[in-house]
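Trainee: I am new to this structure and should be grateful for a close look at a single part of it. Please begin wherever you judge best, and explain each term when it arises.

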Amino acid sequence: MHKRFALAAELQKAIEDDDLELYHQPQIHIATGDVVGSELLLRWMHPEMGFIPPDYIIDIAEETGVIHQVTEWVIERGLSQHSKLLKLGFEHTVSINISGKDLNDNSLVAHILTTVSRFSIPPASIIFELTESATAEDPKLAKRILTDLYEQGFKIAIDDFGTGYSSLDYLSQLPFHELKIDKCFMNIDVSERNQTITDMTITLASRLKVKAVAEGIETEVVANMLKDYEGLIGQGYFYSKPMPFIEYMRWLQESNR
Ligand code: C2E
Ligand code: CA
Ligand code: CA
Ligand code: CA
């Protein structure tokens with residue numbers, strides 16, 4: 001516990017010193033190969049401990065209340081990078097991970113709105129990704145915040161779909177635009193069962209008139225198996241690993257997207 005609080009204090013300092021990094025992982029329209037946007041993923045290279053996995057950072061940040069500062073930093077830095085891409089003419093979306101604790105925070109929407117208007121970014125180009133458990137703590141407040149974001153024109157994605165406890169309950173209750181099929185189902189080349197689950201989820205998304213995103217595509221075989229789904233978006237090591245912003249810009253320009 002002591003160690004976790006010590007690390008949280010260092011995290012806070014890293015935010016103040018701007019020592020965190022945001023990586024971009026491209027999202028691809030599978031049928032055409034077009035880039036449609038990127039997901040932002042937090043990276044922290046600790047001076048002594050080296051690379052610390054983001055799930056662990058987020059866990060500690062949630063437990064110690066530092067999460068609001070982390071999220072604000074991600075929004076600030078991420079939207080600054082996103083606005084650069086828009087100015088370069090890339091009509092892309094940017095996907096930002098939001099923690100459940102952020103949906104307990106009354107000031108989140110105001111902060112997002114201020115940042116968006118400062119960078120003149122269209123809200124519809126921003127997708128907030130949340131897991132199903134994110135709304136568990138204060139469902140009423142969470143619902144209000146999500147509805148606010150929805151009404152302001154932002155997009156909402158359900159992350160890790162299929163791995164939570166109340167997936168369909170969420171779908172029936174809350175606003176959203178996108179379903180991200182969890183990477184644990186993406187071994188469709190060897191698992192007929194997961195092929196069925198993936199197919200069913202894409203059909204569900206299409207019937208609900210929302211986008212489907214398949215994450216964790218690692219091989220060409222899997223990508224090819226998904227090519228016939230109209231509008232399906234893919235993300236994974238087969239297309240590209242997450243990369244620093246500079247490298248991502250170079251990757252976009254080199255691949256002429
Ligand atoms: P996630 O939102 O489900 O993000 C996708 C994870 O899958 C990322 O791990 C990404 O690097 C990894 N990934 C991408 N393609 C592949 C693939 O083809 N195969 C496999 N096996 N993995 C792939 P990462 O970057 O370690 O992030 C882990 C989790 O940490 C994220 O899962 C998300 O829940 C959380 N996270 C990361 N950045 C942030 C952030 O800025 N804010 C919040 N609240 N959470 C974040
Ligand atoms: Ca995500
Ligand atoms: Ca995910
Ligand atoms: Ca996850």
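**From a helix residue to the metal sites**

Mentor: Leaving aside neighbours within four places in sequence, Asn194 is in contact with Cys184, Phe185, Asn187 and Ile188, where contact means heavy atoms within 4.5 Å. This is a predicted model, in which local features need pLDDT of at least 70, side-chain atom pairs count only at pLDDT 80 or more, and totals for chains, interfaces and linings use all residues. Residues are numbered from 1 along each chain as its sequence is written, chains are lettered from A and ligands numbered from 1 in the order in which they are written, and side-chain values use heavy atoms, with hydrogens and water left out. The mean pLDDT of the protein is 94, and 98% of its residues reach 70 or more; pLDDT is the predictor's confidence in each residue, from 0 to 100. The model also scores ipTM 0.98 and pTM 0.97.

Asn194 belongs to helix α7 (residues 192-207). Helices (H or I, at least four residues) and strands (E, at least two) are DSSP runs, numbered from the N terminus. With a relative accessible area of 11%, Asn194 is buried; the word means under 20% relative accessible area, while exposed means over 50% and partly exposed lies in between (1.4 Å probe, protein chains only). The side chain of Asn194 also makes a polar contact, at 2.7 Å, with the side chain of Asn187. A polar contact is a pair of N or O atoms within 3.5 Å; within protein, one must be able to donate a hydrogen and the other to accept it, and residues adjacent in sequence count only if both atoms are side-chain atoms.

Phe185, one of the contacts of Asn194, is also touched by Phe161. Phe161 lies in strand β6 and is buried, at 5% relative accessible area. Not counting residues up to four places away in sequence, its contacts include Leu168, Leu171, Leu179, Ile181, Thr201 and Leu204.

Strand β6 (residues 155-161) leads to the metals, since Asp160 lies in it too. Which residues coordinate the calcium ion (ligand 3)? They are Asp159 (OD), Asp160 (OD) and Glu215, which is listed twice through OE, at 2.2 to 2.6 Å. Donors are N, O and S atoms within 2.8 Å of the metal (3.2 Å for Na, K and Ca); water is not among the atoms, so sites may look incomplete. Along the chain these donors follow the spacing D-D-x54-E. Because Asp160 is in strand β6 and Glu215 in strand β8 (residues 211-215), the pair ties together parts that are 55 residues apart in sequence. Asp160 is partly exposed, with a relative accessible area of 22%, whereas Glu215 is buried, at 8%.

The calcium ion (ligand 3) is 4.1 Å from the calcium ion (ligand 2), and Asp159 coordinates both. For the calcium ion (ligand 2), the protein donors are Glu39 (OE), Asn97 (OD1), Glu129 (OE) and Asp159 (OD), lying 2.1 to 2.4 Å from the ion. Their spacing along the chain is E-x57-N-x31-E-x29-D. Glu39 lies in strand β2 (residues 35-46) and Asn97 in strand β4 (residues 93-97), so this pair ties together parts that are 58 residues apart in sequence. Glu39 counts as buried at 5% relative accessibility, while Asn97 counts as partly exposed at 30%.

Ligand 1 also approaches these residues. An oxygen atom of ligand 1 is 3.3 Å from an N or O atom in the side chain of Glu39, and an oxygen atom of ligand 1 is 3.2 Å from an N or O atom in the side chain of Asn97. A nitrogen atom of ligand 1 is 2.6 Å from an N or O atom in the Glu218 side chain. In total, 21 residues surround ligand 1, the closest being Gln25, Arg43, Asp159, Glu218 and Tyr237; a residue is near a molecule or strand if one of its heavy atoms lies within 4 Å of it.

Finally, Ile188, another contact of Asn194, is in contact with Leu226 as well. Leu226 is among the residues that touch the most other members of the largest nonpolar core, which has 75 residues. Such a core is a set of buried Ala, Val, Leu, Ile, Met, Phe, Trp, Tyr and Cys residues joined through side-chain atoms within 4.5 Å. Helix α3 (residues 67-87) gives the most to this core, with seven residues.
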